[in-house]
There are 2 protein chains.
Amino acid sequence: MPVPDGVANGQFTSQRGVTIHDVAREAGVSPATVSKVMNNRYGVASATQARVKAAVTKLGYEASLVASSMRRSSSNTIGVLLAGFDPFATEVIKGISAEAVGKGYELLAYSGAIADERAVGWEHRSIQRLGGSLIDAAIVMTPTIRISGTAIPIVTVDPPAGLTDSATIASDNLAGAREATKHLIDLGHVRIAHIRGRTDLLSAQLREQGYVQALAEARLPYDPSLTLTGAYRRDWAVDCARKLLDLPYPPTAIFCANDWSALGVYDVCAERGLRIPEDLSVIGFDDIPEGHVLAPPLTTIAQNLPEIGADAFRLIRSMLDGGGSDNITVATTLMHRGSTGPVPA
Amino acid sequence: MPVPDGVANGQFTSQRGVTIHDVAREAGVSPATVSKVMNNRYGVASATQARVKAAVTKLGYEASLVASSMRRSSSNTIGVLLAGFDPFATEVIKGISAEAVGKGYELLAYSGAIADERAVGWEHRSIQRLGGSLIDAAIVMTPTIRISGTAIPIVTVDPPAGLTDSATIASDNLAGAREATKHLIDLGHVRIAHIRGRTDLLSAQLREQGYVQALAEARLPYDPSLTLTGAYRRDWAVDCARKLLDLPYPPTAIFCANDWSALGVYDVCAERGLRIPEDLSVIGFDDIPEGHVLAPPLTTIAQNLPEIGADAFRLIRSMLDGGGSDNITVATTLMHRGSTGPVPA
DNA sequence: ATGAAAGCGCTAACAA
DNA sequence: TTGTTAGCGCTTTCAT
């Protein structure tokens, strides 16, 4: 194994990188002066400035983010706090990142729940550990609990139920669910089932509510036996679909609270030889890539995840500038593909 | 706007969060004792321990990552350094994150190129700023330059040309390109063009090399006029495709260095009324989602991005444990979809 | 215009 | 068993 230049022993022990003291020594000035030059403060002779800059370039010095953010109040960095880099979080991050370009902030995505199994409360830990020094503000992705009493501005993406007093961004789950259900109604369906999500999550509550509203708006009867809990899980949805199809008067269409649940419905149709959409219409929510490659491709309600991220970034910036909190909702889009069709004759 | 508990004025000024001193005061001990309790050091009376723990819980204290990593040598955190959260980087991160679960490390993805326009050299800056204190090691995504003389172990994903002396992970671009070309040859094609990528990148060089090798292995003539530079860009590829099809003896198949280039070929076929694959076979590289929804869906060489991430994590861990550097190559997969077929009669 | 000194929050070494 | 001291790298007064 070749030794990189500048590393003495090929191992990476306590080597600390080049510090402000190294630059000061090289330039023959004090660390304070180097700091002034680095931060463009007034009161440094241009000759000294040049000497320091030369030393900085020669040594490849960059101020340690840790040390400077510890001393300063602001680090110019916005934190994105998440439990793990799942597809939802990463799509939102792409939106944050795109919006952040050229705005003068660095982005730092921190996944602090990976180390220990403390699943609940990771967001509090992450905020405490990074807040106030390393990051000036945080965008928290789908937290498990209410966050309160933080020292920095927080924007919550996909908030838990009951969190309306702080800044939040989420898809318009209510309108999306209404549109999904209305789509089935427009196709002539009258007996429409709903496989709902995790009832402890606000998103699932709103999607169910949208379903109920759409039925009411169309003056269609609401049959409680047609709503089962799939908990956003494919395996649970399989059970739900079986029960639904075993009903004496089964539904002709199912609105699934998410695409994973819809996949479960596909499974059951395959096992029973039911054709989609001829025998049963299926609509999902989220628009995951897996839905595209299904046969037929899944009709679903797409979330605009990058837009959620962009909104989150704009909101956190405005809060950093002294602006107030807000609760933002992002429009969804009906993706009419192959899994929904007219009611069977 | 409601005021979160614990924040005095509704604004988030210099509020610093709860420190070790607050806990010490609350428990009636010294900060050092609190530190010992937090880090499970021996030599603390169990009564004191209980008192400190109670104070910690009451105040919701978590040690500042910045302060502790500044004092310690290790922070237990692995950094993922990137220019921005693009699709390539995020897919790899998913793999890193999945592999990191339960291994006792935190993950910190830092995008330091967003703030200023210093496109080249962002990786050096990020390493200097975070290395040695905030992160114990770094996985650097597609750097623009050679990295050398770092104080911490570095693994490079998708390295630039000429970087073989340090730890690297990349797709097996050579074998993938060979397989793509061979696929076309097996279909009976003899006149196969190549729209190559950015010639300054190692990946593009290897893909072109694989194309040439496959031709040689099949004892097919290599015609330099059939290789044009698309620079991984759709618009450039459009020009390339036009030139290729205007040739007196045009190719019957095109191997594109990436899927974006293949999209450009699709554009040209549409504008000229050429059918894919009846009139022209097209194969790409990367397997981006956009390729799935094309008509016909794009045949391509899929990179196993999550596997690249997982390998990167494993390698960096082994280096942290004193292991040596390595150059790892990850297998690609031919995705035979609709855009390649037998040579036109 | 420059440098000395203090201190951000934490931990390791040492003293009591 | 506990507390005191020093210092990580940096920035910010405040002297000089």
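**Exercise 1. In which helix of chain B is B:Trp236 found, and is B:Trp236 buried, exposed or partly exposed?**

Solution. Begin with the element: in this predicted model, B:Trp236 belongs to helix 9 of chain B, which covers residues 234–246. Next, take the neighbour count, which is 19 other C-beta atoms within 10 Å. Because a residue needs 20 or more such atoms to be buried and 12 or fewer to be exposed, B:Trp236 is classed as partly exposed. Then list the contacts: leaving aside residues up to four places away in sequence, B:Trp236 touches B:Gly230 and B:Ala231. Finally, relate B:Trp236 to B:Tyr105, from which it is separated by 131 residues in sequence and by 43 Å in space, C-alpha to C-alpha.

**Exercise 2. Describe the protein surface around DNA strand D, and then do the same for DNA strand C.**

Solution. Start with DNA strand D, which is surrounded by 26 residues, the closest being A:Ile20, A:Ala32, A:Ala67, A:Ser68 and B:Ala32. The elements that each supply two or more residues to this surface are helix 2 (31–38) and helix 4 (65–71) of chain A, along with helix 2 (31–38) and helix 4 (65–71) of chain B. Helix 2 of chain A provides the largest share, five residues. Sorted by class, the surface near DNA strand D holds 12 nonpolar, nine polar and five charged residues.

Turn now to DNA strand C, around which there are 25 residues, with A:Ala32, B:Ile20, B:Ser35, B:Ala67 and B:Ser68 as the closest. Here the elements giving two or more residues are helix 2 and helix 4 of chain A together with helix 2 and helix 4 of chain B. The class division for the surface near DNA strand C is 12 nonpolar, nine polar and four charged.

**Exercise 3. Work out how helix 10 of chain A is placed, and identify which of its residues are buried.**

Solution. First check the geometry: helix 10 of chain A, residues 259–272, has 14 residues and spans 20 Å from its first C-alpha to its last, close to the 20 Å expected at 1.5 Å a residue. Second, pick out the buried positions, which are A:Asp259, A:Trp260, A:Ser261, A:Ala262, A:Leu263, A:Gly264, A:Val265, A:Tyr266 and A:Val268. Third, find their partners in chain A: these buried residues pack against strand 6 (192–196), helix 9 (234–245), strand 8 (253–256), strand 9 (281–286) and strand 10 (299–302). Lastly, look just beyond the helix, where A:Gly273 adopts a positive phi of about 70°.

Helix 5 of chain A (residues 87–100) can be treated in parallel; it has 14 residues and reaches 20 Å between its first and last C-alpha, close to the expected 20 Å. Among its buried residues are A:Val92, A:Ile93, A:Ile96 and A:Ala100, and helix 5 is followed by A:Gly102, which has a positive phi near 80°.

**Exercise 4. Locate the cis peptide bonds and the positive phi angles at residues other than glycine.**

Solution. As background, most residues other than glycine have a negative phi, and most peptide bonds are trans. In chain A, the bond from A:Ile276 to A:Pro277 is cis, with omega near 5°, and A:Pro277 sits in the loop between helix 10 and strand 9 of chain A. In chain B, B:Ile276 and B:Pro277 are joined by a cis peptide bond with omega of about 5°, and B:Pro277 lies in the loop between helix 10 (259–272) and strand 9 (281–286) of chain B.

For phi, consider A:Asp286, a non-glycine residue with a positive value of about 125°, which is found in strand 9 of chain A. A:Asp286 is buried, because it has 26 C-beta neighbours inside 10 Å. B:Thr142, also not a glycine, has a positive phi of about 35° and lies in the loop between strand 3 (137–141) and strand 4 (154–157) of chain B. With 19 other C-beta atoms within 10 Å, B:Thr142 is partly exposed.

**Exercise 5. Decide which residues of chain A call for caution, and then examine A:Ile139 in the largest nonpolar core.**

Solution. Chain A has a mean pLDDT of 90, and 93% of its residues reach 70 or more. Over residues 1–14 of chain A, however, pLDDT stays under 50, and the model has 20 contacts beyond four places in sequence for this stretch. Where pLDDT is low, the predicted coordinates should not be read in detail.

For the core, note that it has 91 residues and that A:Ile139 is among those touching the most other members, as are A:Val80, A:Val157 and A:Ala312. Beyond four places in sequence, A:Ile139 touches A:Ile78, A:Val80, A:Ile96, A:Val155, A:Val157, A:Ala312 and A:Ile316.

Note on methods. Residues are numbered from 1 along each chain as its sequence is written. Chains are lettered from A and ligands numbered from 1 in the order in which they are written. This is a predicted model: local features need pLDDT of at least 70, side-chain atom pairs count only at pLDDT 80 or more; totals for chains, interfaces and linings use all residues. A residue is near a molecule or strand if its C-beta atom, placed from the backbone, lies within 6 Å of it. Helices (H or I, at least four residues) and strands (E, at least two) are DSSP runs, numbered from the N terminus. Ala, Val, Leu, Ile, Met, Phe, Trp, Tyr, Cys and Pro count as nonpolar, Asp, Glu, Lys and Arg as charged, and the others, Gly among them, as polar. pLDDT is the predictor's confidence in each residue, from 0 to 100. Two residues are in contact if their C-beta atoms, placed from the backbone, lie within 7 Å. A nonpolar core is a set of buried Ala, Val, Leu, Ile, Met, Phe, Trp, Tyr and Cys residues joined through C-beta atoms within 7 Å. The expected span of a helix is 1.5 Å times one less than its number of residues.
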